[in-house]
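Biologist: Hi, I have never looked at this one before. Could you walk me through it?

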Amino acid sequence: MARFAVEARSVPGATVLALAGELDHDTVEPLRQAIDAAAWHGGGRLLVDLSRLDFCDSTGLNVLLHGRLAAGESDGSLELVGLHPPVERMFRVTGADRLFQVHADVEAALSTARRNSGPP
């Protein structure tokens, strides 16, 4: 069994990357590839679901931060979903949790987009 897995799926209005296992220096490449493969054209939205992630080190955090910058450069976004202990602690201690839009789950993230795209 692999220590880390990334599952990509499209949902209306976004691409979801569901991460599972341990994200570290030895396992980060599939995430890097998945983020690179995400379509940022036309302001794409990438939701990274961390609800099944057991561990994330600084290497994983750096890949997510670089992905966030790349998304922003093409009017897209990289948002976090399902941040929970102990992964949440690393984001909080480093201050990275303030750099990302964070949602409780994928449905909440999609609901937020629907409310924000409606009439004022």
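Modeller: Here is a short tour, from the overall layout down to single residues.

Modeller: Before we start, this is a predicted model, so to speak of it fairly: local features need pLDDT of at least 70, side-chain atom pairs count only at pLDDT 80 or more, and totals for chains, interfaces and linings use all residues. Residues are numbered from 1 along each chain as its sequence is written, and side-chain values use heavy atoms, with hydrogens and water left out.

Biologist: Okay. How many helices and strands does the protein have?

Modeller: Four helices and five strands. Both are DSSP runs numbered from the N terminus, with at least four residues (H or I) for a helix and at least two (E) for a strand. Starting at the N terminus, the elements go β-β-α-β-α-β-α-β-α.

Biologist: In what order do the strands sit in the sheet?

Modeller: The order is 1-2-3-4-5, in an open sheet with mixed pairing. Two strands pair if DSSP finds at least two bridges between them. Strand 1 (4-11) and strand 5 (102-103) are the edge strands, each pairing on one side only.

Biologist: Which way do strand 1 and strand 2 run, parallel or antiparallel?

Modeller: Antiparallel, with eight bridges joining them. They make a hairpin with two residues between the strands, and Ser-10 stands opposite Thr-15 in strand 2.

Biologist: What about the turn, is Gly-13 buried or exposed?

Modeller: Gly-13 counts as exposed, because its relative accessibility is 63%. The cut-offs are under 20% relative accessible area for buried, over 50% for exposed and partly exposed in between (1.4 Å probe, protein chains only). Gly-13 also has a positive phi of about 90°. Its C-alpha is 7.0 Å from that of Arg-45, although the two residues are 32 apart in sequence.

Biologist: And strand 2 itself, why do you call it largely enclosed?

Modeller: Because eight of the 10 residues of strand 2 (residues 14-23) are buried. On its other pairing, strand 2 runs parallel to strand 3 over eight bridges, and there Thr-15 stands opposite Leu-46.

Biologist: How many bridges join strand 3 to strand 4?

Modeller: Five, and strand 3 (residues 45-56) and strand 4 (residues 77-81) run parallel. One of the pairs is Val-48 with Leu-80 in strand 4. Helix 3 (residues 87-94) packs on the sheet and touches both strand 3 and strand 4, its direction making about 110° with that of strand 3. That angle is between N-to-C directions on a scale from 0 to 180 degrees, using lines fitted to C-alpha atoms, for helices over the stretch in contact.

Biologist: Switching topic: how many residues are in the largest nonpolar core?

Modeller: There are 27, and those with the most contacts inside it are Leu-19, Leu-31, Leu-64, Leu-78 and Phe-91. Such a core is a set of buried Ala, Val, Leu, Ile, Met, Phe, Trp, Tyr and Cys residues joined through side-chain atoms within 4.5 Å. Strand 2, helix 1 (29-37), strand 3, helix 2 (58-73), strand 4 and helix 3 each supply at least two of its residues.

Biologist: What is Phe-91 in contact with?

Modeller: Setting aside neighbours within four places in sequence, its contacts (heavy atoms within 4.5 Å) include Leu-50, Leu-64, Leu-80 and Phe-100. There is also a second, separate core of eight residues, with Val-11, Val-81, Val-106 and Ala-109 among them.

Biologist: Now a charged one. Is Glu-79 buried or exposed?

Modeller: Glu-79 counts as buried, because its relative accessibility is 4%. This residue is in strand 4, and its side chain makes a polar contact with the side chain of His-103 at 2.7 Å. A polar contact is a pair of N or O atoms within 3.5 Å; within protein, one must be able to donate a hydrogen and the other to accept it, and residues adjacent in sequence count only if both atoms are side-chain atoms.

Biologist: Last thing, which residues does the cis peptide bond join?

Modeller: Pro-85 and Pro-86, with omega about -5°. Pro-86 lies in the loop between strand 4 and helix 3. Another backbone detail is Asp-75, which has a positive phi of about 60° although it is not a glycine. Asp-75 is in the loop between helix 2 and strand 4, and is exposed, with a relative accessible area of 67%.
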